[in-house]
Amino acid sequence: MAEEKIVFQFDGERTMEISTGKVAKLANGSCLVRLGDTIVLTAACSGAPREGTDFFPLQVDYREKYSAAGKFPGGYIKREGRPSTKEILTCRMIDRPIRPLFPDYFFDEVQISSVLLSADGVNEPDVLAMVGASASLMLSDLPFQGPIGAVRVGLVDGQFVINPTRAQMEQSKLELIYAGRPDQVIMIEGEADFVSEAQMKEAMYLANEAVKKQCDAQIELAKKAGRAKKEYKLYPVPEALMKGIEAFCADRIEAVCTIPGKEDRMVAMDALRDDARKALREQFADMSDTQFGLETAKGFDDLVRTVTRNVILQKQFRPDGRSTTEIRPLSAEVGVLPVVHGSALFSRGETQALVLATLGNEKDAQEADDLTSETGITKKRFYLHYNFPNFSVGEVGRITGPGRREIGHGNLAERSVSKVVPKDFPYVVRCVSEIMSSNGSTSMASVCGATLALMDAGVPISAPVAGISCGLVTGDNGERLLLTDIIGAEDHFGDMDFKVCGTRDGITGFQLDLKLPGIPIDLLCEGMERNRIARMKILDVMEACIAKPREEISSRAPRLEVIQINPEKIGALIGPGGKNIRAITEETGTSIDIDDDGNVKIMAPDKEHLEAAKERILGSTAEAEIGKIYRGKVVTVRDFGAFVEILPGVDGLLHISEMADYRVNKVTDICEEGQFVTVKVIDIDPSGKIRLSRKAALKELDE
């Protein structure tokens, strides 16, 4: 197949290029997406469904190669290892808008692989990978109901910018990742510096125009070089079995779906499903036990989904009995743990997050590889980790490291809260959210809990941040019903999970997950307004618990102070081979970080140790002052006078005429090498030479 490409403008100036037919020809579909000199390869492949599969097994992988930036990987092996946090977050951003565009009951394995081949350090590759995933599926023979487009929107100097450069993003007040079809939004994610709902709406409509151009380009390329779509087998529940499940459960299913408590509801559902299996097993004796169990589980879940949605739409009755705009009962508590620097327990209904805040020094900053940055490394001085243990949902299972979900939820909470942590706060701050129980919106509970824990620790945040999620249920006849503060069942059986975080002044973070192939932007904006109203109510509860950060840093936290020294004195502070700074840290029990600009950060277990280290540092780096008296050590004796070290590495000349208020015949009559003398600085010439006087010092002290 010959190479085909489409080049189009997306912002009136720059162009994007999508090409196919040159590489990865054995994949079901593949393409290269280019913006500037950043190029991403994406390939889509499929395989037959595995036996026993009852879900769509879509796998998405995104990798950044150091060779793309002309660099070597670090470490001994010199090879890329496990995916970084950025790569995992990009995988999630690719997956979420693609997944809803495959048919129901399509269970073939599909894998999307994206590789960064060329990184110019100017244009971000993640949105290119999202476009590439859609384009490769459009070019393939898979039943993809796309295309989608994807862009990043920034707000720089009051102007919205489509796919801003890295330099522009450093000045941007908004990072909106937008994915969708023409006039239909499917996924958004990002962070903001307190932008308004009106600004968010404007940004989404601008993104929609760019998405239209991307979709048109993909359709054109697919017409030129795409494969014919195959007929793929779907795997719905057998009709006879589905009717049997519906008939058996008809009199009990609605009552079970509307039991308020999650645990009680799940127990009742399990019992009803088991009863249905026993009653129907003889009618379907031709099925194996495995197949029968799988199909009845799938059919029962479909029935619960249908009934739950119908009850919500037709009766506006939610599973836990709330109205469509009602928030679950809220509670907030701080100082719940005795030893940690800051702690908070935040509950919303059955969802509960225990968040701990820890303060540290520069060595505790989180480092991450960044192959397109100048240093190759980025550092975060505030970060948030999210843990979702099995007991939080009353289950057993393997205990492993954080998965993609944990990393994604933690990142959303981290970005949302980071906006209120002062940039000049000297401490490095880590928050850890331990989910105690889960019934929906644990990431939003983590945002609220982190805010409370930071205030409990005495971190001077600029304003409290709260988060809330809005759901959506749609009907076959176009009915649409928004739900404030969704629980797990409404997330599972509903169509949308739209999370928005912010302060009273504006939005700081957001994320949209959608199970539909798109909704109008105006409908999403209605959900955003719902979230704003609910956010204010949550902030009322949080502020009633703790109105503002504590006046002082937690007594459990280490003491930290930043002092400024002359950058030229850094060498003197460090000493030969680090001897001086090592002695200070070991003898005072402190940790000291020195910046090239002369900022010295001292961290100590308490104030006493801090003052001891501070005195040693100032003593090592102090500069002589005219008129100041010093107690110095005689280091050299000459016929004309003595050289006295008044500060570490700083000495001055004590001339024989300045040794006493009478005539001195020999220098050694007054001092010898190794002795300490009291002297006063009487002059410092332009070259830095210091003149000392013992006579003047003694006179001043006598007075």
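**Two annotated aspartates and the cysteines**

In this predicted model, Asp497 has its place in strand E20, which spans residues 496-502. Together with Asp491, Asp497 is covered by the annotation "binding site" in an unreviewed UniProt entry. The partner residue, Asp491, belongs to helix H11, formed by residues 488-493.

The two aspartates can be considered in terms of accessibility. Asp497 has a relative accessible area of 8%, and because this value is under 20%, Asp497 counts as buried. Asp491, at 28%, is partly exposed, because its value lies between the 20% and 50% limits.

The surroundings of each residue complete this picture. Setting aside residues up to four places away in sequence, Asp491 touches Ile486, Asp497 and Lys515. With its own neighbours within four places likewise left out, Asp497 is in contact with Ser469, Cys470, Ile486, Asp491, Gln511, Leu512 and Asp513. Ile486 thus appears in the contacts of Asp491 and in those of Asp497, and the two aspartates also touch one another. Within strand E20, the side chain of Asp497 is further joined to that of Lys499 by a polar contact of 2.9 Å.

The cysteines form a separate topic. The structure contains zero disulfides. For Cys45, the nearest cysteine sulfur belongs to Cys31 and is 12 Å away; because a disulfide requires sulfur atoms within 2.5 Å, Cys45 is in no disulfide. Cys45 is partly exposed, its relative accessible area being 32%. Cys671, in turn, is buried, with a relative accessibility of 1%.

Conventions: Residues are numbered from 1 along each chain as its sequence is written. This is a predicted model: local features need pLDDT of at least 70, side-chain atom pairs count only at pLDDT 80 or more; totals for chains, interfaces and linings use all residues. Side-chain values use heavy atoms; hydrogens and water are left out. UniProt positions are given in the numbering used here, feature names are shortened, and annotations may be inferred rather than shown by experiment. Helices (H or I, at least four residues) and strands (E, at least two) are DSSP runs, numbered from the N terminus. Buried means under 20% relative accessible area, exposed over 50%, partly exposed in between (1.4 Å probe, protein chains only). Contact means heavy atoms within 4.5 Å. A polar contact is a pair of N or O atoms within 3.5 Å; within protein, one must be able to donate a hydrogen and the other to accept it, and residues adjacent in sequence count only if both atoms are side-chain atoms.
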